[in-house]
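Here are my comments on the model, set out as numbered points for you to read beside the sequence and the coordinates.

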Amino acid sequence: MAKFKISYFDIDGGRAEPIRLALSLGGIEFEDHRLSFAEFKEMRAGTPLNALPVFEIDGVAYTQSNAMCRYVGKLTGLYPSDPWQAFLCDEVMDIVEDAVLAFGRTMRLEGDELKSARKDLVDGMYTRCLQLLDKRLEAAGGQYFAGGHLTVADLKAYVWLKRLRSGEQDHVPVDLADRLAPALVRHMERVAAEPGVAAYYARRAK
Ligand SMILES: N[C@@H](CCC(=O)N[C@@H](CS)C(=O)NCC(=O)O)C(=O)O
């Protein structure tokens with residue numbers, strides 16, 4: 001097996017978290033390289049696209065978190081083999097990515113500008129993404145997004161929803177998802193209770 005290393009911020013969330021989770025659920029060893037924001041500033045120019053996560057495979061650095069999710073998902077049985085189900089899995093991951101990107105555009109704002117941008121985010125992209133994910137989940141049977149089993153799409157949606165409901169995002173109501181996407185909230189709670197996911201966070205808490 002190749003040697004894997006994932007470099008990302010020292011948070012239990014964000015773009016690297018579904019990849020860490022998938023590797024962990026699949027029992028694949030990897031180096032979990034966690035950086036402070038100051039450390040990232042120093043190494044930023046040395047990364048391929050001046051961004052994280054960076055995924056190193058046998059010492060070669062790769063980019064794009066959704067590509068990483070797909071690759072790791074294929075290695076661990078957490079990505080559908082059927083092309084249509086794979087499409088459904090990809091769509092969910094890209095919907096989450098759109099929401100994350102829209103949030104990113106508000107991150108450096110302050111004061112009233114931040115407040116107004118976050119209101120637009122909540123009323124616009126967040127509402128659309130939550131409602132669409134909820135609809136996709138219901139259409140897939142309400143349990144998993146694709147393939148009738150846990151996939152990287154479930155992990156990616158779970159990580160995003162957990163963040164959204166954490167209250168960490170200023171001017172984003174913590175109950176937004178509960179109001180707009182109840183099936184998605186139940187899904188988040190179910191993914192959190194998956195034995196592999198619960199065991200991963202139990203290890204992290206030690
Ligand atoms: N399309 C890339 C986006 C990577 C990205 O923008 N990462 C953010 C953190 S989640 C970053 O490193 N931002 C640093 C910066 O903009 O300086 C991916 O999905 O991996």
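1. How do the residues of the shell around the ligand divide into nonpolar, polar and charged? In this predicted model, the shell divides into five polar residues, three nonpolar residues and one charged residue. The residues that surround the ligand are G14 and R15, then A51, L52 and P53, and finally T63, Q64, S65 and N66. By class, R15 is charged, while A51, L52 and P53 count as nonpolar.

2. As for the overall layout, the protein is divided into domain 1, covering 4–77, and domain 2, covering 83–194, and the C-alpha centres of domain 1 and domain 2 lie 21 Å apart. To the contact between them, domain 1 gives 10 residues and domain 2 gives 11 residues.

3. On the side of domain 1 that touches domain 2, the elements that give two or more residues are α1 (17–25) and α3 (65–76). This side of domain 1 is made up, by class, of four nonpolar, three polar and three charged residues.

4. Helix α3 also holds K74, and one may ask whether K74 should be called buried, exposed or partly exposed. K74 is partly exposed, because 15 other C-beta atoms lie within 10 Å, whereas a buried residue would need 20 or more and an exposed one would have 12 or fewer.

5. Finally, K74 may be set beside A22, from which K74 is 52 residues away in sequence; in space, the distance from C-alpha to C-alpha between K74 and A22 is 9.8 Å.

Methods: Residues numbered from 1 in each chain as written. Predicted model: local features only at pLDDT ≥ 70, side-chain atom pairs only at ≥ 80, totals over all residues. Near = placed C-beta within 6 Å. Domains from an automatic or database assignment. Contact = placed C-beta atoms within 7 Å. Helix = DSSP H or I, 4+ residues; strand = E, 2+ residues; numbered from the N terminus.
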